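Please open the structure in your viewer and keep the sequence beside it, since this tour moves from one selection to the next. Follow the stops in order, and take a moment to rotate the view at each of them.

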Amino acid sequence: MVGSIIPSSKILIDKMLGRVDWENTKLFVEYGPGVGTFTRPILERMAPDAKLVTIDTNPEFTSYLKESIDDERLVPVTGSAADVEKILSDRGLPDADFVLSGLPFSTLPPVSATRSPRRRRG
Ligand SMILES: C[S@@+](CC[C@H](N)C(=O)[O-])C[C@H]1O[C@@H](n2cnc3c(N)ncnc32)[C@H](O)[C@@H]1O
């Protein structure tokens, strides 16, 4: 389920996060954070009043993030990215402004890999 034996490189992190409109991102969702290779750089760039919800199926990664990152903006959740709508609504959170996926698509069933994110209402 991890899908990779090495974490993403700094070049990839800078390239992917270079696309984010940080000023207007109040809720950031990260799928498959693992040990937090993207999580920490996201928090470094994120606004003080923004939130980062990480969703990983592996509870050990969720515990590790909780223990190793002391940041009130971080909400680490154990669960599947396929349940993102419920995970956000259970916590009274709105739709995400930005979603970053670190998921190994090779491990997802086709229906999950092709599902569209819910659309912003209002
Ligand atoms: C390749 S690692 C990514 C690690 C890190 N984001 C990086 O880029 O270095 C993939 C992660 O996705 C998690 N994962 C796999 N399937 C998932 C799913 N359906 N929902 C949430 N997380 C999932 C795994 O537990 C693992 O932590």
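Begin by selecting Trp22, Phe28 and Phe98, which ring pairs link into a cluster in this predicted model. When the whole structure is searched, 2 aromatic pairs are found. For one of them, keep Trp22 and Phe28 on display: their rings form a stacked pair, with 5.7 Å from centre to centre and 10° between the planes.

While these two residues are still selected, add the molecular surface and ask of each whether it is buried or exposed. Trp22 counts as buried because its relative accessibility is 17%, which falls under the 20% limit. Phe28 also counts as buried, because its relative accessibility is 0%.

Next, switch to a cartoon view and select the open sheet, whose 4 strands follow the order S3-S2-S1-S4 with parallel pairing. At its edges you will find strand S3, residues 74-78, and strand S4, residues 98-101, each of which pairs on one side only. If you look along the sheet, neighbouring strands are turned by 15° against each other on average, with direction ignored.

Now narrow the selection to strand S2, residues 51-56, together with S3, and follow the 5 bridges over which they pair in the parallel sense. To see one residue pair in detail, pick Thr54, whose bridge partner in S3 is Pro76.

Finally, add helix H3, residues 59-68, which packs on the sheet and touches both S2 and S3. Compare the direction of helix H3 with that of S3, and you will find that the two make an angle of about 160°.

How values were computed
Residues numbered from 1 in each chain as written. Predicted model: local features only at pLDDT ≥ 70, side-chain atom pairs only at ≥ 80, totals over all residues. Heavy atoms only, no water. Phe/Tyr/Trp six-rings, centres within 6.5 Å; stacked < 30°, edge-to-face > 60°. Buried < 20%, exposed > 50% of the residue type's maximum accessible area, 1.4 Å probe, protein only. Pairing = 2+ DSSP bridges. Axes fitted to C-alpha atoms, helices over the stretch in contact; angles between N-to-C directions. Contact = heavy atoms within 4.5 Å.
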